[in-house]
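Dear colleague,

I am handing over the structure below, and after it I set out what was found, going through the parts one after another. Please keep the structure open beside this message while you read.

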Amino acid sequence: MTELASRLDDVAQRFAAAVDRANDEQALESVRVAYLGRNGEVTTVRRAIGTLPHTERPEAGKVINDAVAAMERRLQAAYEQLESRRFDAELAASIDVTFPSIRRPVGSIHPVRRIIDDSCAYFMRHGFAVVTGPEAEPDYYNFDALNIPSDHPAREGFDSFWISDTLLLRPHTSPMQIRTMQEHRPPIAIVAPGKCFRRDAVDARHLFQFHQFEGLLVAEGIHFGHLKGMLTGLCRELFGEQQNVRFRPSYFPFTEPSAEVDTTCPKCKGTGSLESSPVGCNMCGGSGWIELGGSGMVHPNVLREVGYDPDRYSGWAFGFGVERLGLARYEVDDIRRFVKSDPDFLAQLS
Amino acid sequence: MRVPVSWLREFVTLPPDAQTIADRLATLGFPVAEIERRPTITGVITGRIADLQKHPNADRLQVAQVDVGDDAWLTIATAATNVAAGQTIAVATIGAQLPGLTIAPRTMRGVASQGMMISAEELALPGDWFEDGIMQLESSCALGADVVDLFGLDTAVLDVEITTNRPDAMSIIGLARELAASYGSGLRLPEIVNPGRAAEPPGEEPDVLIESHDCYRFVSQRIDGVGVAPAPAWMRVRLALSGQRPINNLVDVSNYVMLETGQPLHFYDARAIRGGRLIVRSAHDGEQIVTLDGVTRTLSSAALVVADDERALCLAGLMGGAVSEVGPATTAIVLEAANFNGARVRRMSNALALRTEASARHEKSLAPALTDLGAARAAALLRDLGATLYEPHAFGGPVTRAAAIALKVADVQRLLGMSLHAQQIERHLAALGCEVERVEPEVLAVTPPAWRRDLTIAADLIEEVARIEGYERIPLVVPSVAPHEISSAAFALESRIARALEGLGYREIITQSLRGAGSVEVRNPLSDEQRFLRDSLVPGIIEYLAENASPARIFETGEVFRDEQSGLVEQSLLTFGFSADPLDEPPWRDSHFLALKGDCEQLLRKITGRDAEMKRTTQSGFHPGKTALVTLDEREVGHLGRIDPRLAKASDLQRPAYLCVVKIASLRAYETPRYRVPSKYPSTYCDVALVVDIDVAARDVERAIVAALGSLCTGATVFDEYRGPQIGQGRKSLAARVTLQRFDATITDEEADAAVSLLLDALRNEFGAEIRT
C-alpha cells in the first residue's frame, strides 16, 4: 500500500513536471495520454491494486481516484491557462480600422429607372396601372389621334425621326394614351414611362433620346384640381415634403385647358440664389422653379377619337421628361451623363 | 418676342416693376425668358443747333451753340461730321451719366465745351442700326426735354414666349389686352378707324384679283406723297428696342404696325405694278422672283404669290420682291394688309427655307379682321408723316363673326374643380373681348372676338376663364380611382429583372438606340453614326465596356428593331454581362463563362421560378466554342457566352467580355414554388469518376444518373473535369457526386452499392464510359 502510494506520488510529480513543460495543446494531450490514457502510467499503477489484500483495495482505489482527479484538475487548469494565453495574444493584435475597405461588386439600377420606379410606386399606390408600348409608332397614335392633324403647326414642335411615310420613333409617350383608351373603357388610370426620340441637337440640357413619364386619368368627374393634387403629391414624393408645384397656362393640341408644370428648384429651395454662386442658382437659372413638362385636361376631340363621350367623361394627362427630373433630383450638371452612364456616375447615384 | 414695357404702357396701366409684369404674363401663359434691363442714362436732353462755326484752333472740330430751351444755351465743341445748323439733336449735359461715361466740363483746344452731342450708340442702342455720328431727332421735339423719358429708353425689354395657338398675342396690343384683362384695367387702343377717305386719282384705284382660295382677305390702299427718309427717332428707337432694325420711314411703319397690331403689311412701289392690279395666285412652276434679300428664288406651284399682270411681286405672307421695293424714288405706294392660309405660308416657308417676322405670324393663321386694323394703323402713321391717304378697299370674303359657343356654367366646375358664378365667368370672358349672353340661367352664349380664332369649343373658353381667374386658385384634390382591369405586368416584369440583376451585382446602363448599323434605317438621321435602329443591345454594351477601362458588370434593357417581311418588328431585350481579366485556365475550362451562366440561372429562377437549361450553340459575335442556348421549359429565351475575341479586338475591348441576351417577352410568368418536405432519413453520397468522349455533355451525364436511379437519387452533380495525356486523345475525365436518399427509411449500404453498380452500368452503356473508381 505504501509502495503504491509512493509510486502514485512519483507519477503525480513527473506528471506535474510534464504538464508544466507542455506549452501547447498538442503537448498537453501527449501528457494526458502518457499518464491518464488507457495505457498510461496511472493505469499501470491501478493494475497493481490487484496485488493488494482485499481489505486494502477500496482504500487504494480511493487514493488512486483522488490522485487522478487532482491530475485532471491540474491538466484542466493547464488547458485553461494555454487558452487564456492564446486569447491574450489574439487580443493583443490591433489593426487600422480606417484602412480602405474591401468591397464586393454591388449592382445598381439606373437613376432614370429609379425615378420612373419611384414615380410609378406613387401612382400605383393611388390605383394607377403602369403600361408600356412600342417606340416605333404610326403617326396616327403620335399625332392624328391626339388632335394634331398633318397640317397642324404643332407637328413642327415634334421634330421626329421618321422610318417611313407613316412610321416614326415616338417623340412623346402620349401614343400610350390612345392605345390604352382604345383597349379599355373608363375608368382609365395609367402612367406610361418610356423612351422617346426627338431630333434635338445634344447639349448639356438636351438629348435626342430621352425618357418621358406619361400619366392619364379619365373617368366621370375628373377635373383639373385632381391633376394639381396628384402632381403636387408626385413632386413631394420625389423631392420632399416642402415641394411646391406651379401650373402655368400653355398650349398643347391634345389638352384643353393646358398647363406647364413647374416645381420648386430643389437645389436653391426656390430662392433662385446659391451662396456658392454670385450669378444665382445654376439649376433653375435663378427663377427658383424647374420645368417638369406639360399637362392638361384631355381635349374633347381626343376623347371622341377613342369613342368616349366628352360630355360624360373627362380626364387629364401629363408628360414629364425623366432626365430633366434627374438633373434636378440628383443635381447633375449635364444631361448627357445619363446616357454616358460612366461607372463613377452610376456609383455615386446608386 | 421682344417687348419694350414702355410700349405696353401706352395701352394699359401696369405696375412699375418689370418683374411683376413678367410674372403676371407667365401666369397668363406667356412665360418671359429674359428681362433685359437698360443701362442708367441721365442728363441727356434735346437741343437745336442754332449756330455752327469752325473751331478757331482745330481744323477737324466745330463749335456749336445749342438751344436747349428756356433761353438756355450750351457751347459744345464736336468732332462729328454729320452736324449742321438747325438740326435737333440729343445733348449730354455736364454731369450726365451715360454707359461707362460721365460728362464733365472740358476744354477742347481752348474752347470750353459744356456737354456733348451724342450718337445712338451712346444711348446703348445698336450703333450700326442708326446714322453714323450724331443721332438726328425731329424738329417737332420740345427743346430741353429728357431724351430717356421722351423715347422710353429706360424701359425694360421682356423676351416673351408665345405659344403657336396665339398669333393674336404676337403683338404689343395683344399682350396689352391680356394684361388689361388680368389686372381688370382698361385697354387704350390706338386709332382704329382708317383715316383714308379720298377717292383715288382716276385710273389709279388699286384693284386686287384673288385667284387662290388660300387668300381670305386683302385690304389695299393707295398712299401718295411719301418721300423715303429716316423714320422719326421715337419710332426708330422703339423698333430697335424691339429688336427690329430701322430701315426707312415706309419699311419702319410696316414693321411698327406688325409689332403693334400683329398684322404683317407689305408696301408696293405703285409705279412697279404693271397693269395696275395685284393678283393673288399660285406661282407657275419654275417662276422666278428676286426677293428683298437679293436672292433669286425659283418657285413651284406650291408657292403663293402676289403678282401684277406680268410677274410675281411678292411671296405672299413671306417676303416682298425687289422689283416693287420702295426706295428713294418712290412717291406713291400701294399698301397690302392680307390674310392667307397659314398652312400654305408655312409650307412655302419650309420649302424655301425662309422665315420672316411676317411668315412667323401668317403661318399660325391670323384673324382676317386684323387686316383692316393693320391698314388703318399704317394709314394713320403715314398721315402723321405727311402722306396723302386714299380710301382703303377690301377684297375677298367679308369678315364674319365667329359662331357663338354654348358654355354651361356647370362644365366650368366639372373641368376645373373650382366653383365660379356665371357673373365671374362672364366678366373674365368679356375682359378678353368675348360677347357673352346669358341664354339660360346657367348657360352662356359666348361669341369670341374676331382676333381669337383659337376659341372654338367650350373647353377653350374654360381655359380662358381659368387663366384670368388664375390657375393657382384651383384647389388641390387627390382623386380616388375606381378599380379597373388595366395590367401593369410588363412593367412589373422588367422592374423585377432590373432589381434581380442589381442583387447579382450588375449596374444598369442606357446606351444609344440609334447606331451606325442595323436593318431599320431612319430617314432623317442626325448623323451616319445614328442612321439605324439597333437590332441588338450587344454593340452598345461592348462600346461601353471598351470606353470604361476597368472591369465592369453591367446590364441594359431596351427595344431592338428588325426589318422583316411583315414589316418592322420591335422586341424588348435584356443584355447583361461583364468584362474580366483572363484566368490562367486550360482551354477546355472557362470559369468566367460558368459565373455568367450561374448568374443567368439565378436570374431566371428568380424571375420565372423555373430552372433554365443550357446547350451548345453558335451565335454571330460570340465565341464559337463558348456559347450556350438558354431554354426554359424547352422554350428558347436567349443565349450567353464569351464575345468573339476577333470582335472584341475590333471593338478595342481590353479584356474578354461575357454577355447574356434574354428576350423579355419569352419569359413565362413567375411560378410560385411549392415547399417539399425533406426526408427525415439521412442521405449518403458517392463520388464516381468516369472517362468519356469529350463531346459528352456534363449535363447529359447528370441526367443519365438520375434516369438510372429514379427516386432513390436526390442529386447528381458533375464537379470536376480533366483532360490530358493520361486520359487519352478525345477523352475526358469527369467526377460526379451522386446523392442517395430514401423518404421512407435509412438507405442501407447494400442498397447504396446496388444503386452505384446500376448507374455505372448505365453510364458504360450510354456513353461508353470507363469507370475509374
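Before the strands are described, one term is needed: two strands are said to pair if DSSP finds at least two bridges between them. Please also bear in mind throughout that this is a predicted model.

With that term in hand, we can begin in chain B, where strand S39 (residues 713–722) and strand S40 pair in the antiparallel sense over eight bridges, and where Asp720(B) has Ala735(B) in S40(B) as its bridge partner. Strand S40 (residues 731–740) of chain B also pairs with strand S38 (residues 684–693) of chain B, again in the antiparallel sense, over ten bridges, and in this pairing Thr684(B) is found opposite Leu740(B).

The domain assignment divides chain B into domain 1 (2–38 + 156–183), domain 2 (42–151), domain 3 (207–396), domain 4 (405–471), domain 5 (489–666) and domain 6 (684–771). Between the C-alpha centres of domain 3 and domain 6 of chain B there are 95 Å.

Turning to chain A, there is an open sheet of seven strands with mixed pairing, in the order S1-S4-S5-S9-S8-S7-S6. Strand S1 (129–130) and strand S6 (245–252) of chain A are at its edges and have a single partner strand each, so one side of each is without a neighbour in the sheet. Within chain A, strand S8 (residues 289–298) pairs with strand S9 (residues 314–321) in the antiparallel sense over five bridges, with Gly294(A) opposite Gly319(A).

How do two helices of chain A, H5 and H10, lie with respect to each other? The axes of helix H5 (residues 111–125) and helix H10 (residues 322–330) of chain A come within 10 Å and cross at roughly 95°; since angles of 65 to 115 degrees count as roughly perpendicular, H5(A) and H10(A) are therefore described as roughly perpendicular to each other. The residues that meet include Ile115(A) and Ile116(A) from H5(A) and Leu325(A) and Tyr330(A) from H10(A), and by class this contact has seven nonpolar, one polar and two charged residues.

Finally, the two chains touch, and the contact takes 68 residues from chain A and 68 residues from chain B. Several elements of chain B each supply at least two residues to the side that touches chain A, among them helix H2 (18–27), helix H12 (458–469) and strand S33 (567–579), while the largest share, seven residues, comes from H13(B). By class, this side of chain B has 36 nonpolar, 17 polar and 15 charged residues.

With best wishes

Terms used:
Residues are numbered from 1 along each chain as its sequence is written. Chains are lettered from A and ligands numbered from 1 in the order in which they are written. This is a predicted model: local features need pLDDT of at least 70, side-chain atom pairs count only at pLDDT 80 or more; totals for chains, interfaces and linings use all residues. Two residues are in contact if their C-beta atoms, placed from the backbone, lie within 7 Å. Helices (H or I, at least four residues) and strands (E, at least two) are DSSP runs, numbered from the N terminus. Ala, Val, Leu, Ile, Met, Phe, Trp, Tyr, Cys and Pro count as nonpolar, Asp, Glu, Lys and Arg as charged, and the others, Gly among them, as polar. Domain bounds come from an automatic or database domain assignment. Axes are lines fitted to C-alpha atoms, for helices over the stretch in contact, and angles run from 0 to 180 degrees between N-to-C directions. Angles under 35 degrees count as roughly parallel, over 145 as roughly antiparallel, 65 to 115 as roughly perpendicular and the rest as oblique.
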